[in-house]
Amino acid sequence: MGLSKFAFTLLATDPKSMARAGLWETPHGTIETPAFMPVGTAGTVKGLTPDQLVATGARKILANTYHLALRPGPEVVADLGGLHRFFDWSGPILTDSGGFQIFSLAKLSRMTEEGVTFRSHLDGSALNLTPEKAMSIQEFLGADVIMCLDECPPADAPEEHILRAVDRTTRWAARCREAHQRSDQALFGIVQGGTIESLRIRSAEALLPFDFPGYAVGGLSVGEPPPEMYRTLEFTTPVLPVQKPRYLMGVGRPIDLIEGVLRGIDLFDCVMPTRNGRNGMAFTSTGPVRLKNARHLRDTSPLDAECPCQACQRFSRGYLRHLFMCGEMLGPILLTLHNLTFYQRLMKGLREAILEGRGHEFRASQLARWG
Ligand SMILES: CNc1nc2cc3c(=O)[nH]c(N)nc3c(CCc3ccccc3)c2[nH]1
(Lines give C-alpha, C1' and ligand atoms only; values in the text may rest on other atoms or scores of the structure.)
Protein backbone atom coordinates (compact mmCIF):
# COMPACT_ATOMS: atom_id res chain seq x y z
CA MET A 1 0.00 0.00 0.00
CA GLY A 2 2.97 2.29 -0.71
CA LEU A 3 3.66 2.56 3.00
CA SER A 4 7.41 2.73 2.38
CA LYS A 5 6.63 6.08 0.75
CA PHE A 6 5.68 7.45 4.18
CA ALA A 7 8.36 6.01 6.48
CA PHE A 8 8.54 7.77 9.88
CA THR A 9 11.87 7.45 11.71
CA LEU A 10 12.13 8.39 15.39
CA LEU A 11 15.54 10.02 16.04
CA ALA A 12 15.14 10.84 19.73
CA THR A 13 12.57 10.62 22.52
CA ASP A 14 12.92 12.96 25.50
CA PRO A 15 13.79 11.06 28.72
CA LYS A 16 11.43 13.18 30.86
CA SER A 17 8.46 13.82 28.57
CA MET A 18 6.65 12.28 25.57
CA ALA A 19 8.50 14.65 23.20
CA ARG A 20 10.07 13.05 20.14
CA ALA A 21 12.13 14.23 17.18
CA GLY A 22 11.85 12.37 13.88
CA LEU A 23 12.08 12.31 10.10
CA TRP A 24 9.00 11.73 8.00
CA GLU A 25 9.48 10.77 4.34
CA THR A 26 6.82 11.82 1.84
CA PRO A 27 6.75 11.67 -1.99
CA HIS A 28 7.53 15.42 -1.96
CA GLY A 29 10.40 15.42 0.50
CA THR A 30 11.30 14.60 4.08
CA ILE A 31 9.84 16.55 7.00
CA GLU A 32 11.84 17.07 10.20
CA THR A 33 9.46 16.67 13.13
CA PRO A 34 8.14 18.20 15.26
CA ALA A 35 6.91 20.49 12.49
CA PHE A 36 4.51 23.39 12.06
CA MET A 37 2.45 23.59 8.83
CA PRO A 38 1.20 27.06 7.78
CA VAL A 39 -2.41 27.07 6.62
CA GLY A 40 -2.98 27.91 2.99
CA THR A 41 -6.67 28.47 2.28
CA ALA A 42 -7.79 28.34 -1.37
CA GLY A 43 -4.31 27.30 -2.46
CA THR A 44 -2.20 30.12 -1.09
CA VAL A 45 -0.70 31.20 2.23
CA LYS A 46 -2.22 34.67 2.04
CA GLY A 47 0.20 37.33 0.85
CA LEU A 48 3.27 35.15 0.34
CA THR A 49 4.89 33.74 -2.79
CA PRO A 50 6.20 30.15 -2.57
CA ASP A 51 9.79 31.48 -2.38
CA GLN A 52 8.89 33.69 0.58
CA LEU A 53 7.22 30.72 2.23
CA VAL A 54 10.39 28.62 1.81
CA ALA A 55 12.41 31.53 3.26
CA THR A 56 10.41 31.24 6.51
CA GLY A 57 11.65 27.66 6.87
CA ALA A 58 8.31 26.06 5.99
CA ARG A 59 8.58 22.70 4.25
CA LYS A 60 4.98 21.58 4.37
CA ILE A 61 1.81 23.55 3.93
CA LEU A 62 -1.87 22.80 4.13
CA ALA A 63 -4.50 23.61 1.59
CA ASN A 64 -8.02 23.86 2.88
CA THR A 65 -10.13 21.36 0.91
CA TYR A 66 -13.50 22.99 1.59
CA HIS A 67 -12.59 26.16 -0.30
CA LEU A 68 -10.82 24.42 -3.16
CA ALA A 69 -13.61 21.86 -3.48
CA LEU A 70 -16.04 24.71 -4.14
CA ARG A 71 -13.77 27.06 -6.10
CA PRO A 72 -12.31 26.24 -8.60
CA GLY A 73 -13.44 22.63 -7.92
CA PRO A 74 -11.31 19.48 -7.67
CA GLU A 75 -11.55 18.55 -11.36
CA VAL A 76 -10.26 22.01 -12.37
CA VAL A 77 -7.29 21.69 -9.97
CA ALA A 78 -6.61 18.22 -11.43
CA ASP A 79 -6.80 19.63 -15.00
CA LEU A 80 -4.34 22.37 -13.92
CA GLY A 81 -1.88 19.66 -12.87
CA GLY A 82 -2.91 19.07 -9.25
CA LEU A 83 -2.15 21.10 -6.11
CA HIS A 84 1.66 21.01 -6.36
CA ARG A 85 1.59 22.36 -9.92
CA PHE A 86 -1.38 24.64 -9.14
CA PHE A 87 0.53 26.78 -6.64
CA ASP A 88 3.98 25.63 -7.65
CA TRP A 89 4.85 24.07 -4.29
CA SER A 90 7.42 21.25 -4.48
CA GLY A 91 7.12 20.31 -0.79
CA PRO A 92 4.56 18.05 0.89
CA ILE A 93 0.94 19.20 1.07
CA LEU A 94 -1.83 18.13 3.43
CA THR A 95 -5.52 18.70 2.82
CA ASP A 96 -8.38 18.40 5.26
CA SER A 97 -11.52 16.41 4.47
CA GLY A 98 -13.76 19.47 4.67
CA GLY A 99 -16.08 18.40 7.49
CA PHE A 100 -14.65 20.83 10.02
CA GLN A 101 -14.59 23.78 7.62
CA ILE A 102 -18.21 23.14 6.65
CA PHE A 103 -19.25 23.47 10.30
CA SER A 104 -17.19 26.60 10.82
CA LEU A 105 -18.14 28.27 7.52
CA ALA A 106 -21.36 27.04 5.98
CA LYS A 107 -24.53 28.65 7.36
CA LEU A 108 -26.80 25.63 7.00
CA SER A 109 -25.34 22.18 7.38
CA ARG A 110 -27.07 18.93 8.27
CA MET A 111 -25.31 15.75 9.36
CA THR A 112 -26.69 12.30 8.45
CA GLU A 113 -25.12 8.85 8.38
CA GLU A 114 -24.63 9.35 4.63
CA GLY A 115 -22.63 12.58 5.02
CA VAL A 116 -22.89 16.33 5.54
CA THR A 117 -25.30 18.36 3.45
CA PHE A 118 -24.64 22.10 3.42
CA ARG A 119 -25.11 25.27 1.43
CA SER A 120 -22.06 26.71 -0.30
CA HIS A 121 -20.94 29.97 1.37
CA LEU A 122 -20.21 31.21 -2.16
CA ASP A 123 -23.47 30.78 -4.06
CA GLY A 124 -25.80 29.04 -1.62
CA SER A 125 -26.01 25.88 -3.76
CA ALA A 126 -26.79 22.68 -1.83
CA LEU A 127 -23.86 20.26 -1.55
CA ASN A 128 -23.50 16.82 -0.04
CA LEU A 129 -20.13 15.71 1.32
CA THR A 130 -19.86 11.97 1.98
CA PRO A 131 -16.75 9.98 3.01
CA GLU A 132 -16.50 8.69 -0.56
CA LYS A 133 -16.74 12.22 -2.02
CA ALA A 134 -14.17 13.54 0.47
CA MET A 135 -11.76 10.86 -0.78
CA SER A 136 -12.46 11.59 -4.45
CA ILE A 137 -12.05 15.37 -3.92
CA GLN A 138 -8.72 14.90 -2.13
CA GLU A 139 -7.53 12.44 -4.77
CA PHE A 140 -8.27 14.96 -7.51
CA LEU A 141 -6.51 17.74 -5.59
CA GLY A 142 -3.48 15.47 -5.19
CA ALA A 143 -2.12 16.36 -1.71
CA ASP A 144 0.44 13.98 -0.15
CA VAL A 145 -1.49 13.62 3.11
CA ILE A 146 -5.29 13.52 3.18
CA MET A 147 -7.76 13.25 6.05
CA CYS A 148 -10.74 11.03 6.67
CA LEU A 149 -14.14 12.71 6.79
CA ASP A 150 -14.97 12.97 10.48
CA GLU A 151 -17.48 14.61 12.81
CA CYS A 152 -15.98 17.25 15.09
CA PRO A 153 -18.55 18.16 17.78
CA PRO A 154 -18.46 21.59 19.47
CA ALA A 155 -16.46 21.83 22.72
CA ASP A 156 -19.61 22.12 24.86
CA ALA A 157 -21.46 19.18 23.26
CA PRO A 158 -23.06 16.73 25.75
CA GLU A 159 -21.30 13.40 26.25
CA GLU A 160 -23.99 11.54 24.28
CA HIS A 161 -23.36 13.77 21.22
CA ILE A 162 -19.59 13.24 21.53
CA LEU A 163 -20.10 9.46 21.74
CA ARG A 164 -22.26 9.49 18.59
CA ALA A 165 -19.60 11.60 16.81
CA VAL A 166 -16.88 9.12 17.82
CA ASP A 167 -18.77 6.12 16.45
CA ARG A 168 -19.82 7.90 13.25
CA THR A 169 -16.21 9.06 12.76
CA THR A 170 -15.13 5.40 13.06
CA ARG A 171 -17.76 4.20 10.54
CA TRP A 172 -16.77 7.00 8.15
CA ALA A 173 -13.08 6.09 8.57
CA ALA A 174 -13.92 2.58 7.32
CA ARG A 175 -15.73 4.04 4.30
CA CYS A 176 -12.79 6.38 3.60
CA ARG A 177 -10.28 3.51 3.86
CA GLU A 178 -12.46 1.52 1.45
CA ALA A 179 -12.90 4.36 -1.06
CA HIS A 180 -9.32 5.70 -1.08
CA GLN A 181 -7.33 4.46 -4.09
CA ARG A 182 -4.11 6.46 -4.53
CA SER A 183 -1.11 4.69 -2.99
CA ASP A 184 1.02 7.87 -3.25
CA GLN A 185 -1.21 9.58 -0.67
CA ALA A 186 -1.21 8.90 3.10
CA LEU A 187 -4.73 8.77 4.56
CA PHE A 188 -4.80 9.81 8.23
CA GLY A 189 -7.45 8.65 10.68
CA ILE A 190 -8.81 11.34 13.00
CA VAL A 191 -9.40 10.65 16.71
CA GLN A 192 -12.41 12.33 18.28
CA GLY A 193 -13.87 12.11 21.80
CA GLY A 194 -13.90 15.69 23.10
CA THR A 195 -12.03 15.96 26.42
CA ILE A 196 -13.50 12.68 27.75
CA GLU A 197 -10.88 10.01 28.44
CA SER A 198 -13.12 6.97 27.87
CA LEU A 199 -14.33 8.37 24.53
CA ARG A 200 -10.84 9.33 23.35
CA ILE A 201 -9.62 5.79 24.10
CA ARG A 202 -12.73 4.34 22.40
CA SER A 203 -12.05 6.45 19.29
CA ALA A 204 -8.29 5.78 19.13
CA GLU A 205 -8.69 2.02 19.73
CA ALA A 206 -11.39 1.79 17.05
CA LEU A 207 -9.06 3.41 14.50
CA LEU A 208 -5.93 1.32 15.26
CA PRO A 209 -7.06 -1.77 13.25
CA PHE A 210 -7.16 0.38 10.07
CA ASP A 211 -3.39 0.73 10.40
CA PHE A 212 -3.42 4.30 9.03
CA PRO A 213 0.06 5.71 8.14
CA GLY A 214 -0.60 8.54 10.62
CA TYR A 215 -3.21 9.69 13.12
CA ALA A 216 -4.67 13.13 13.74
CA VAL A 217 -6.07 14.31 17.07
CA GLY A 218 -9.21 16.20 16.08
CA GLY A 219 -11.97 17.74 18.14
CA LEU A 220 -9.63 20.12 19.97
CA SER A 221 -8.84 23.83 19.68
CA VAL A 222 -12.58 24.34 19.38
CA GLY A 223 -12.92 26.59 22.43
CA GLU A 224 -11.93 24.24 25.27
CA PRO A 225 -9.55 25.75 27.89
CA PRO A 226 -5.88 24.98 27.00
CA PRO A 227 -5.33 22.91 30.20
CA GLU A 228 -8.25 20.69 29.04
CA MET A 229 -6.53 20.26 25.67
CA TYR A 230 -3.23 19.32 27.37
CA ARG A 231 -4.98 16.85 29.71
CA THR A 232 -6.75 15.28 26.72
CA LEU A 233 -3.45 14.79 24.91
CA GLU A 234 -1.98 13.11 28.00
CA PHE A 235 -4.43 10.22 27.75
CA THR A 236 -4.82 10.19 23.95
CA THR A 237 -1.31 10.08 22.42
CA PRO A 238 -0.21 7.02 24.48
CA VAL A 239 -2.96 4.96 22.74
CA LEU A 240 -1.61 5.89 19.31
CA PRO A 241 1.20 3.92 17.59
CA VAL A 242 4.65 5.18 18.64
CA GLN A 243 6.06 4.62 15.16
CA LYS A 244 3.52 6.80 13.34
CA PRO A 245 3.23 10.58 13.13
CA ARG A 246 0.63 12.32 15.29
CA TYR A 247 -1.00 15.51 14.01
CA LEU A 248 -2.82 17.89 16.37
CA MET A 249 -5.32 19.76 14.21
CA GLY A 250 -5.73 23.51 14.45
CA VAL A 251 -3.13 24.16 17.17
CA GLY A 252 -2.01 26.70 18.21
CA ARG A 253 -0.30 29.47 20.09
CA PRO A 254 3.49 29.10 20.60
CA ILE A 255 2.97 27.73 24.14
CA ASP A 256 0.47 25.17 22.77
CA LEU A 257 3.05 23.89 20.30
CA ILE A 258 5.53 23.33 23.16
CA GLU A 259 2.94 21.67 25.41
CA GLY A 260 1.72 19.55 22.47
CA VAL A 261 5.23 18.35 21.59
CA LEU A 262 5.89 17.49 25.25
CA ARG A 263 2.77 15.27 25.06
CA GLY A 264 3.87 13.37 21.96
CA ILE A 265 2.56 15.44 19.04
CA ASP A 266 4.67 15.66 15.84
CA LEU A 267 2.69 17.91 13.45
CA PHE A 268 0.68 21.11 13.93
CA ASP A 269 -1.33 23.53 11.81
CA CYS A 270 -2.76 26.88 12.84
CA VAL A 271 -3.96 30.11 11.24
CA MET A 272 -2.70 32.26 14.16
CA PRO A 273 0.70 33.30 12.76
CA THR A 274 -0.80 34.28 9.41
CA ARG A 275 -4.15 35.69 10.58
CA ASN A 276 -2.64 37.62 13.52
CA GLY A 277 0.18 38.80 11.23
CA ARG A 278 -2.35 40.34 8.85
CA ASN A 279 -3.85 42.21 11.80
CA GLY A 280 -0.53 43.67 12.97
CA MET A 281 0.10 41.27 15.86
CA ALA A 282 3.65 39.86 15.94
CA PHE A 283 5.06 36.93 17.93
CA THR A 284 8.56 37.79 19.19
CA SER A 285 11.19 36.20 21.43
CA THR A 286 10.12 38.58 24.21
CA GLY A 287 6.36 38.06 23.80
CA PRO A 288 3.58 39.39 21.51
CA VAL A 289 3.81 42.91 20.01
CA ARG A 290 0.79 44.86 18.73
CA LEU A 291 2.36 47.10 16.11
CA LYS A 292 -0.55 49.54 15.85
CA ASN A 293 0.16 50.57 19.44
CA ALA A 294 1.24 54.24 19.63
CA ARG A 295 4.35 53.31 21.64
CA HIS A 296 5.98 52.11 18.37
CA LEU A 297 5.50 55.43 16.52
CA ARG A 298 9.13 56.59 16.81
CA ASP A 299 10.62 53.21 17.63
CA THR A 300 13.76 52.68 15.53
CA SER A 301 14.42 49.19 16.90
CA PRO A 302 13.71 46.02 14.90
CA LEU A 303 10.62 43.98 15.66
CA ASP A 304 12.81 41.12 16.96
CA ALA A 305 16.59 41.57 17.10
CA GLU A 306 17.13 37.79 16.96
CA CYS A 307 14.99 37.20 13.88
CA PRO A 308 16.60 36.67 10.43
CA CYS A 309 13.45 37.59 8.48
CA GLN A 310 13.11 40.57 6.08
CA ALA A 311 10.78 42.47 8.43
CA CYS A 312 13.31 42.35 11.30
CA GLN A 313 16.51 42.71 9.27
CA ARG A 314 15.47 45.72 7.17
CA PHE A 315 12.85 47.82 8.91
CA SER A 316 12.09 49.62 12.19
CA ARG A 317 9.01 49.04 14.33
CA GLY A 318 8.05 52.61 13.45
CA TYR A 319 8.01 51.79 9.75
CA LEU A 320 6.05 48.54 10.25
CA ARG A 321 3.51 50.42 12.38
CA HIS A 322 3.25 53.09 9.68
CA LEU A 323 2.41 50.45 7.06
CA PHE A 324 -0.44 49.14 9.22
CA MET A 325 -1.76 52.62 10.02
CA CYS A 326 -1.92 53.37 6.27
CA GLY A 327 -3.44 50.00 5.39
CA GLU A 328 -0.49 49.31 3.07
CA MET A 329 -0.41 45.68 1.84
CA LEU A 330 3.31 45.41 2.66
CA GLY A 331 2.41 45.45 6.38
CA PRO A 332 0.49 42.14 6.43
CA ILE A 333 3.03 40.59 4.05
CA LEU A 334 6.02 41.46 6.28
CA LEU A 335 4.29 40.39 9.51
CA THR A 336 3.11 37.12 7.96
CA LEU A 337 6.71 36.47 6.91
CA HIS A 338 7.90 37.28 10.41
CA ASN A 339 5.34 35.24 12.33
CA LEU A 340 5.87 32.14 10.18
CA THR A 341 9.64 32.53 10.63
CA PHE A 342 9.06 32.79 14.39
CA TYR A 343 6.99 29.59 14.42
CA GLN A 344 9.53 27.71 12.29
CA ARG A 345 12.42 28.85 14.52
CA LEU A 346 10.46 27.80 17.62
CA MET A 347 9.97 24.30 16.18
CA LYS A 348 13.63 24.14 15.14
CA GLY A 349 14.72 25.07 18.66
CA LEU A 350 12.35 22.51 20.14
CA ARG A 351 13.60 19.80 17.78
CA GLU A 352 17.25 20.57 18.62
CA ALA A 353 16.50 20.51 22.35
CA ILE A 354 14.86 17.07 22.00
CA LEU A 355 17.80 15.74 19.97
CA GLU A 356 20.10 16.92 22.77
CA GLY A 357 17.97 15.25 25.46
CA ARG A 358 16.74 18.50 27.03
CA GLY A 359 13.32 18.83 25.39
CA HIS A 360 11.65 18.92 28.83
CA GLU A 361 13.60 22.11 29.72
CA PHE A 362 12.46 23.97 26.61
CA ARG A 363 9.19 25.29 28.08
CA ALA A 364 10.93 27.01 31.00
CA SER A 365 13.58 28.48 28.69
CA GLN A 366 10.94 30.06 26.47
CA LEU A 367 8.50 31.22 29.16
CA ALA A 368 11.34 33.04 30.93
CA ARG A 369 11.85 35.10 27.76
CA TRP A 370 8.19 35.67 26.87
CA GLY A 371 7.55 37.23 30.23
C1 LIG B 1 -8.62 25.80 14.68
N2 LIG B 1 -8.98 24.61 15.42
C3 LIG B 1 -9.23 23.46 14.76
N4 LIG B 1 -9.72 22.38 15.41
C5 LIG B 1 -9.92 21.44 14.45
C6 LIG B 1 -10.47 20.15 14.53
C7 LIG B 1 -10.62 19.41 13.34
C8 LIG B 1 -11.24 18.10 13.37
O9 LIG B 1 -11.67 17.56 14.44
N10 LIG B 1 -11.39 17.44 12.19
C11 LIG B 1 -10.96 17.99 10.99
N12 LIG B 1 -11.15 17.27 9.86
N13 LIG B 1 -10.34 19.20 10.92
C14 LIG B 1 -10.19 19.94 12.08
C15 LIG B 1 -9.61 21.24 12.01
C16 LIG B 1 -9.12 21.85 10.69
C17 LIG B 1 -7.62 21.66 10.51
C18 LIG B 1 -7.15 22.12 9.14
C19 LIG B 1 -7.29 23.46 8.76
C20 LIG B 1 -6.86 23.89 7.50
C21 LIG B 1 -6.30 22.99 6.61
C22 LIG B 1 -6.15 21.65 6.99
C23 LIG B 1 -6.57 21.22 8.25
C24 LIG B 1 -9.50 21.97 13.20
N25 LIG B 1 -9.06 23.25 13.43
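In the predicted model, one aromatic cluster is formed by F36, F283, F342 and Y343. A search of the whole structure returns nine aromatic pairs. Among them is the pair of F212 and Y215, whose ring centres are 5.8 Å apart. The planes of these two rings stand at 75 degrees to each other, and the geometry of the F212–Y215 pair is therefore classed as edge-to-face, the cut-off for that class being over 60 degrees. F212 and Y215 are both buried.

The ligand occupies the largest pocket of the protein. Around the ligand are 19 residues, of which D96, D150, G219, L220 and S221 come nearest. Classified by residue type, this shell comprises nine nonpolar residues, seven polar residues and three charged residues.

Polar contacts to the ligand involve both side-chain and backbone atoms of the protein. On the side-chain part, a polar atom of Q192 is placed 2.9 Å from a ligand oxygen atom. On the backbone part, an N or O atom of G219 lies 2.7 Å from an oxygen atom of the ligand. A backbone N or O atom of L220 is found 2.8 Å from a nitrogen atom of the ligand. Taken on its own, the ligand has 550 Å² of accessible area, and the protein covers 91% of this area.

G219 and L220 thus appear both among the residues that come nearest to the ligand and in backbone contacts with the ligand, G219 with an oxygen atom and L220 with a nitrogen atom.

Technical notes: Residues are numbered from 1 along each chain as its sequence is written. This is a predicted model: local features need pLDDT of at least 70, side-chain atom pairs count only at pLDDT 80 or more; totals for chains, interfaces and linings use all residues. Side-chain values use heavy atoms; hydrogens and water are left out. A residue is near a molecule or strand if one of its heavy atoms lies within 4 Å of it. A polar contact is a pair of N or O atoms within 3.5 Å; within protein, one must be able to donate a hydrogen and the other to accept it, and residues adjacent in sequence count only if both atoms are side-chain atoms. Accessible areas come from the Shrake-Rupley method with a 1.4 Å probe; for residues, only the protein chains shown count as cover. On a 1 Å grid over the protein atoms alone, a cavity is a set of points where a 1.4 Å probe fits but cannot get out, and a pocket is an open set with protein on both sides within 12 Å along at least five of seven lines; lining residues have an atom within 4 Å of a point. A molecule sits in a cavity or pocket if more than half of its atoms lie within 2 Å of its grid points. Ala, Val, Leu, Ile, Met, Phe, Trp, Tyr, Cys and Pro count as nonpolar, Asp, Glu, Lys and Arg as charged, and the others, Gly among them, as polar. Rings of Phe, Tyr and Trp (its six-membered ring) pair if their centres lie within 6.5 Å; planes under 30 degrees apart count as stacked, over 60 as edge-to-face and the rest as tilted. Buried means under 20% relative accessible area, exposed over 50%, partly exposed in between (1.4 Å probe, protein chains only).
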